Amino acid sequence: MTKTVTASLGMEPGSLATDLAVRHHRFGVDEAPPRYDSTDAHPDPYDYILAGLAACTLISIRLSAEAKGYPLVRAEVDVTFERCAPEETGGQPDRITRIIKLHGDELTDLDRLKLIRAADCAGYKSISTGIPITTRAAD
């Protein structure tokens, strides 16, 4: 599987708004003031990382619930990014926390445990294990 996102950024003063294209979808990313002199016209890059992890988490939970026949009615997740002192996180300067809420009166504790385990989706695995990034100039 190969996925490509194409990004474009002009040099207009006071704007870091970046145009993104994924297949036929078009959207934007920006930096939020006051860190940068920007307009906050779109979510920032970390927002998209967290949104992707949140969506991947819930999709994995739903697919698992459907496959196993668990009586899940609704699932929600809050995903938070924190910049931390390395001594707080075992040497890592950043931390992502997921808080998963599973709704369904008929869910057992075992169902909930198995659905939480199903939350370790491909996006989670990529972020938590790290992906080598190669950078090169275009021809």
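# A walk through the predicted model

R83 is an exposed residue, with a relative accessible area of 56%, and it offers a convenient place to enter this structure, which is a predicted model. The residue belongs to strand 4, while D94 belongs to strand 5, so the pair they make ties together parts of the chain that are 11 residues apart in sequence. The link itself is a salt bridge, in which the closest N and O atoms of R83 and D94 are 2.6 Å apart. The partner, D94, counts as partly exposed because its relative accessibility is 30%, whereas R83 passes the 50% mark over which a residue is called exposed.

The salt bridge between R83 and D94 belongs to a set, since the structure holds six salt bridges. Another of them joins the side chains of R95 and E82, with a distance of 3.3 Å from N to O. Here R95 lies in strand 5, which covers residues 94-103, and E82 lies in strand 4, which covers residues 74-83, so this pair ties together parts that are 13 residues apart in sequence. With a relative accessibility of 28%, R95 counts as partly exposed, and E82 is likewise partly exposed, at 31%.

A further salt bridge starts from strand 5 and leads elsewhere: R98 pairs with D120, and their closest N and O atoms are 2.8 Å apart. This pair links distant parts of the chain, for R98 sits in strand 5 and D120 in the loop between helix 2 (109-118) and helix 3, 22 residues apart. D120 has a relative accessibility of 30% and therefore counts as partly exposed.

Staying with strand 4, the reader may next turn to E76, which has its place in that strand. Which residues does E76 touch, once its neighbours within four places in sequence are left aside? The contacts are with L58, I99, I100, K101 and H103. E76 is partly exposed, with a relative accessible area of 27%. As for its position relative to another part of the chain, E76 and S8 are 68 residues apart in sequence, and their C-alpha atoms are 33 Å apart in space.

From here the path leads to helix 1, which spans residues 45-68 and includes I49, and in which S64 is also found. Is S64 buried or exposed? At 15% relative accessibility S64 counts as buried, because the limit for that class is under 20% relative accessible area. Beyond its neighbours within four places in sequence, S64 is in contact with Y70, L115 and A118. The C-alpha atoms of S64 and V79 are separated by 20 Å, although 15 residues separate the two along the chain.

I49, the other residue of helix 1 introduced above, has a relative accessibility of 40% and so counts as partly exposed. Together with Y46, I96 and I127, I49 forms a nonpolar patch on the surface, and the four residues have about 320 Å² of accessible area together.

I49 also appears in the description of the largest pocket, a space of about 1,200 Å³. This pocket is lined by 26 residues, of which the closest to its centre are K3, V5, Y48, I49 and G52. Several elements give two or more residues to the lining, namely strand 1 (6-8), strand 2 (18-22), helix 1 and helix 3 (122-129). Which of these elements gives the largest share of the lining? That share, eight residues, comes from helix 1.

The last stop follows strand 2 to the loop that separates it from strand 3 (25-29), where R23 lies. R23 has a positive phi of about 50° although it is not a glycine. With a relative accessibility of 60%, R23 counts as exposed, as does R83, the residue with which this walk began.

Definitions and conventions:
Residues are numbered from 1 along each chain as its sequence is written. This is a predicted model: local features need pLDDT of at least 70, side-chain atom pairs count only at pLDDT 80 or more; totals for chains, interfaces and linings use all residues. Side-chain values use heavy atoms; hydrogens and water are left out. Patches are made of residues with over 30% relative accessible area and no salt bridge: like charges are joined within 9 Å, nonpolar side chains (Val, Leu, Ile, Met, Phe, Trp, Tyr) within 5 Å. Accessible areas come from the Shrake-Rupley method with a 1.4 Å probe; for residues, only the protein chains shown count as cover. Helices (H or I, at least four residues) and strands (E, at least two) are DSSP runs, numbered from the N terminus. Buried means under 20% relative accessible area, exposed over 50%, partly exposed in between (1.4 Å probe, protein chains only). Contact means heavy atoms within 4.5 Å. On a 1 Å grid over the protein atoms alone, a cavity is a set of points where a 1.4 Å probe fits but cannot get out, and a pocket is an open set with protein on both sides within 12 Å along at least five of seven lines; lining residues have an atom within 4 Å of a point. Grid points are joined across faces, edges and corners, and a volume is the space filled by probe spheres set on the points.
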